[in-house]
Amino acid sequence: MPLLRAALGLLPVCALLVALLWFDSFKLVRPRLVAATIAGGGLPGLVLLDLWPSATAVLLDARERRGQFLRESIEELGWEDRVEVRVGRAEVLARDAGLRGRFELVVARGFGPPPVTAECAVGFLRSGGWL
């Protein structure tokens, strides 16, 4: 656990920028429901969850191996009650009725050109949400 906590303490630039923009520039409230599209081994989703302890999230990853790592990490951090892991491709999961249009904030590590990433991620956003 100390190693995982230490890794979370090293904020990647993308997660730090999202957090700073969300809180400092726009003076917005903390999101309650976050989707991290294509979790990429947990970044930036795990970092944001560490910053926002009242937020819940669904972390998505296309690969079962990384999904299992995320499940183990979430268990180690004691976040089972606030984080769900789903394995599958974003463009397929975005059609799932339980995920489509559900989230206040969707963050995605670039897994393709920005328009492709945005097109896959936008399916998870609720009306008025942030990508």
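1. Let's start with one helix, H6, which spans residues 114-122. Thr117, Cys120 and Ala121 of H6 are buried, where buried means under 20% relative accessible area, exposed means over 50% and partly exposed is in between (1.4 Å probe, protein chains only). Why do these three belong together? They cover an arc of only 95° around the axis, which puts them on the same side of H6; the arc is that of the directions from the helix axis to the C-beta atoms. On the other side of H6, Pro115 and Glu119 are exposed. Helices (H or I, at least four residues) and strands (E, at least two) are DSSP runs, numbered from the N terminus.

2. A word on what you are looking at. This is a predicted model, in which local features need pLDDT of at least 70 and side-chain atom pairs count only at pLDDT 80 or more, while totals for chains, interfaces and linings use all residues. Residues are numbered from 1 along each chain as its sequence is written, and side-chain values use heavy atoms, with hydrogens and water left out.

3. Stay with Thr117 for a moment. This residue of helix H6 is buried, with a relative accessible area of 9%. Which residues does Thr117 touch, leaving aside its neighbours within four places in sequence? The partners are Ala108, Arg109, Gly110, Phe111 and Gly112, with contact meaning heavy atoms within 4.5 Å.

4. Now step back to the whole chain. The protein chain has six helices and five strands, and from the N terminus on they run α-α-β-α-β-α-β-α-β-α-β. Of its 131 residues, 40% count as buried. Among contacts between residues at least 6 apart in sequence, 63% join residues at least 24 apart.

5. Next, the inside. In soluble globular proteins, nonpolar side chains tend to be buried together. A nonpolar core here is a set of buried Ala, Val, Leu, Ile, Met, Phe, Trp, Tyr and Cys residues joined through side-chain atoms within 4.5 Å. The largest such core has 16 residues, and Leu49, Leu59, Ile74 and Trp79 touch the most other members. Which elements give two or more residues to this core? They are helix H3 (45-51), strand E2 (56-61), helix H4 (64-77), strand E3 (83-87) and strand E4 (103-108). Apart from this core lies another, of 14 residues, among them Ala90, Ala94, Leu99 and Leu125.

6. Leu49 is a good residue to click on. Leaving aside neighbours within four places in sequence, Leu49 is in contact with Ala55, Thr56, Ala57, Leu59, Trp79, Arg82 and Val83. Two of these partners, Trp79 and Arg82, also meet each other: Arg82 lies over the face of Trp79, at 4.8 Å from the ring centre. A charge sits over a ring if NZ of Lys or CZ of Arg is within 6 Å of the ring centre and within 35 degrees of the ring normal.

7. Another partner of Leu49 is Ala55, found in the loop between H3 and E2. Is Ala55 buried or exposed? Ala55 is buried, with a relative accessible area of 1%. Ala55 and Val83 are 28 residues apart in sequence, with their C-alpha atoms 8.8 Å apart in space. For a second example of this kind, take Ser73 in helix H4, which is buried at 4% relative accessibility. Its C-alpha atom is separated by 9.0 Å from that of Leu46, 27 residues away along the chain.

8. Finally, the charged side chains. How many salt bridges does the structure hold? There are five, a salt bridge being a side-chain nitrogen of Lys or Arg within 4 Å of a carboxyl oxygen of Asp or Glu. Asp61 pairs with Arg66, the closest N and O atoms being 2.9 Å apart; Asp61 is buried, with a relative accessible area of 0%, whereas Arg66 is partly exposed at 31%. Glu64 pairs with Arg71 at 3.0 Å between the closest N and O atoms; Glu64 is partly exposed at 45%, and Arg71 is partly exposed at 31%.

9. Two more sites are worth finding. Glu91 forms a salt bridge with Arg89, the closest N and O atoms being 2.7 Å apart. Here Glu91 counts as partly exposed at 28%, while Arg89 counts as exposed at 52%. Glu84, Arg86 and Asp96 are linked in a network of salt bridges.
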